[in-house]
Amino acid sequence: MKILKDLIKAVDKLPKLAKIILCLPFLDIVWAVYRIVKGVVKKDTLGILIGVIWVIGGCTITWVFDLITTIMYGHPKLT
């Protein structure tokens, strides 16, 4: 569990530009995994479900949502 918490901290500490780059198509899988890991650590079923949805839709439309919210807020929403 410590490794998962370290992963969350590492992603949270990334500079905004790196987070924006990770929102691009095919790289958005990073945010899907982040959501799943964060859901597991917090024991949040909804977070895990959203992460799985992001894996499925990441290459089509969900990356746009992540890109816009990262530019606006500094991190993707729904995490």
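This short talk describes helix α3 of the structure above, then a nonpolar surface patch, and finally two residues in other helices.

Good morning. The model is a predicted one, in which local features need pLDDT of at least 70, side-chain atom pairs count only at pLDDT 80 or more, and totals for chains, interfaces and linings use all residues. Residues are numbered from 1 along each chain as its sequence is written, and side-chain values use heavy atoms, with hydrogens and water left out.

I begin with helix α3, residues 29–42. Helices here are DSSP runs of H or I with at least four residues, numbered from the N terminus. The expected span of a helix is 1.5 Å times one less than its number of residues. For the 14 residues of α3 this gives 20 Å, and the end C-alpha atoms are 20 Å apart, which agrees.

Which residues of α3 are buried? They are W31, A32, Y34, R35, V37, K38, G39 and V41. Buried means under 20% relative accessible area, exposed over 50%, and partly exposed in between, with a 1.4 Å probe and protein chains only. The cover over these buried residues includes α1 (2–12), α2 (16–21), α4 and α5 (62–73), where contact means heavy atoms within 4.5 Å.

K38 deserves a closer look. This residue is buried yet has no salt bridge, a salt bridge being a side-chain nitrogen of Lys or Arg within 4 Å of a carboxyl oxygen of Asp or Glu. The nearest side chain of opposite charge, D12, is 5.2 Å away; Lys and Arg count as positive and Asp and Glu as negative, while His and the chain ends are not counted. Leaving aside neighbours within four places in sequence, K38 is in contact with I8 and T79.

Let me turn to the surface. V33, in helix α3, is partly exposed, with a relative accessible area of 39%. V33 belongs to a nonpolar patch of about 720 Å², together with M1, L7, I29, V40, I48, V52, V55 and I56. Such a patch is made of residues with over 30% relative accessible area and no salt bridge, with nonpolar side chains (Val, Leu, Ile, Met, Phe, Trp, Tyr) joined within 5 Å. Helix α4 gives the largest share, four residues.

Finally, is D66 in helix α5 buried or exposed? D66 counts as buried because its relative accessibility is 0%. Its contacts, not counting residues up to four places away in sequence, include W31 and R35. L17, in helix α2, counts as exposed, at 60% relative accessibility. Thank you.

Key
Patch = residues over 30% accessible without salt bridge, like charges linked within 9 Å, V, L, I, M, F, W, Y side chains within 5 Å. Areas by Shrake-Rupley, 256 points an atom, 1.4 Å probe, with all protein chains shown as cover. Helix = DSSP H or I, 4+ residues; strand = E, 2+ residues; numbered from the N terminus.
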